[in-house]
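The following exercises introduce a protein model to a reader who has not met it before. Each task is followed by a worked solution.

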Amino acid sequence: MDRYTDYSKRLDELRALLEKKDGTNLSKLLRRTNPVDIEEFISTLSAEDALLVFRLLKKDDAIEVFAELEQEDKEKIKTGLNDVEYSHLLDELDFDDMIDTLEEMPASVVQKILRNTDPEKRKKVNQYLKFPEDSAASLMTPEFVELKIGMTVKEALDTIKRIGHDKVTVYTCYVTDETKKLLGYVSLRNIVTNDMDTKISTLLYEDVITVNTSDDQEEVAHTFQKYGFTALPVIDKEKRLVGIITVDDIMWIIEQEATEDFQIMAATTPEEEEYSKMSAWDLAKNRIPWLMFLMISSAFTSTILRSYEAVIQSIIALNMFIPMLTDSGGNAGSQASTLVIRAMATKDVDLSDWAKVVWKECRVGLISGFFLALVGFLKCMFFDKVGLEISLIVAVTLLFVVVTAKIVGALLPMGAMKLGLDPAIMASPLITTIVDSLGLIVYFNIAQMFIAAAPL
């Protein structure tokens, strides 16, 4: 039985027990169910049933499930709890999960809940809530193991035993001085495999990669991808260690950023909610502005066609090949822009490489354009039978359009980044519109030159 079938069967069993109100057997089955699957199960339930299932969970499972729930599903649980109960539930969460939950709540509700929290934690929560939403600081947690540079291995182990159960990770321990300035880190493996009187300073790995509290989440995600870390220390302007970011949090950011870029490249405003949870109106209002802009931009095509009406009337056959030329240009431009956007996202290229990128895409365009022009020429000559002159016009235009599309597709995303915009906005639909206009202008100008040189 595959994983999906097993999961579906488990959900059916849970639903059946819930419908029969068989709390005893439902509780037993929940104990044998993965918390991630329980989270998905709760998301399908009404507020009343969700609360019932949640109360049947073991404490540890309840905390893990609650941390994974979407905000609207957390609200289902909250409606059945008083402020004190909800505050205690939040206290049990990892600090970063608690901050994520509070960030989605109105300020008045947050303050009401925090009244039941001890003053020190309340102060720390308020400090974290003030960090910009897309900054590294908004992802970090203070639940890490901090060792002092003067400690011995014995003192370090005592510290880990005393505080380790409250930390999100103990495998990497961060070493600071008296002012909390980060000096480096030491692995738990090195600590437990050395003599008790060994100084931590002799085990210290000083070449530590860090991020700043003000760094953008996307930059943090790139650092994780580049170095393959499971945790990354966050420092402030004075190089003091203030928190760590764990890989489970950054995986969500990577997915979010990739989704946002995909939505922009598809010519739609990025959507915060999942597709299945959005209404038709919400989806439409995010797409209409882009569709309107692209429709107006496309009006240039009809303007160009009117400008060259005399050429079109003198050579009616030219109309036959407009779709082929515009489609070839759009496809070539989309290829270039997608690869360049990807290269910039992974830091394979940056703005200083623009000349190299343009030169490479120009060569790619010449090679691709030559083969397309050759095939296009043969098609026009032997399949469409439109004659040598029109076949040459189409072939030359194809070569120019493909080269131009490759250059435009490479330059526009880099230009957007230079202006501080998201490169993804210069993706397929916009590039296609620009290349279509340029291609038609070139097409009819080449036709005019051929007419002037040798009337058809």
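**Exercise 1.** How many helices and how many strands does the protein have?

*Solution.* The model is a predicted one. Counting along the chain gives 21 helices, and the count of strands is 6.

**Exercise 2.** Determine which residues the UniProt record annotates as "transmembrane region", and describe the chain there.

*Solution.* Step one is to consult the record: the unreviewed UniProt entry places this annotation on residues 364–383, 390–412 and 424–446. Step two is to examine the secondary structure. Residues 364–383 are 100% helix and 0% strand, with 27 Å between the end C-alpha atoms. For residues 390–412 the figures are 100% helix and 0% strand, and the end C-alpha atoms lie 32 Å apart.

**Exercise 3.** Is Cys380 buried or exposed? Decide likewise for Cys362, and state the number of disulfides.

*Solution.* A residue is buried when its relative accessible area is under 20%. Cys380 has a value of 0%, so Cys380 is buried. Cys362 stands at 18% and therefore also counts as buried. As for disulfides, such a bond joins the sulfur atoms of two cysteines covalently. The cut-off is a sulfur pair within 2.5 Å, and the resulting count is 0 disulfides.

**Exercise 4.** Describe the burial, surface and contacts of the whole protein.

*Solution.* First, burial: 44% of the 456 residues count as buried. Next, surface: the protein exposes about 24,900 Å², of which carbon and sulfur atoms supply 57%. Finally, contacts: among those with a separation of 6 or more, 66% come from residues 24 or more positions apart.

Notes
Residues are numbered from 1 along each chain as its sequence is written. This is a predicted model: local features need pLDDT of at least 70, side-chain atom pairs count only at pLDDT 80 or more; totals for chains, interfaces and linings use all residues. Side-chain values use heavy atoms; hydrogens and water are left out. UniProt positions are given in the numbering used here, feature names are shortened, and annotations may be inferred rather than shown by experiment. Helices (H or I, at least four residues) and strands (E, at least two) are DSSP runs, numbered from the N terminus. Buried means under 20% relative accessible area, exposed over 50%, partly exposed in between (1.4 Å probe, protein chains only). Contact means heavy atoms within 4.5 Å. Accessible areas come from the Shrake-Rupley method with a 1.4 Å probe; for residues, only the protein chains shown count as cover.
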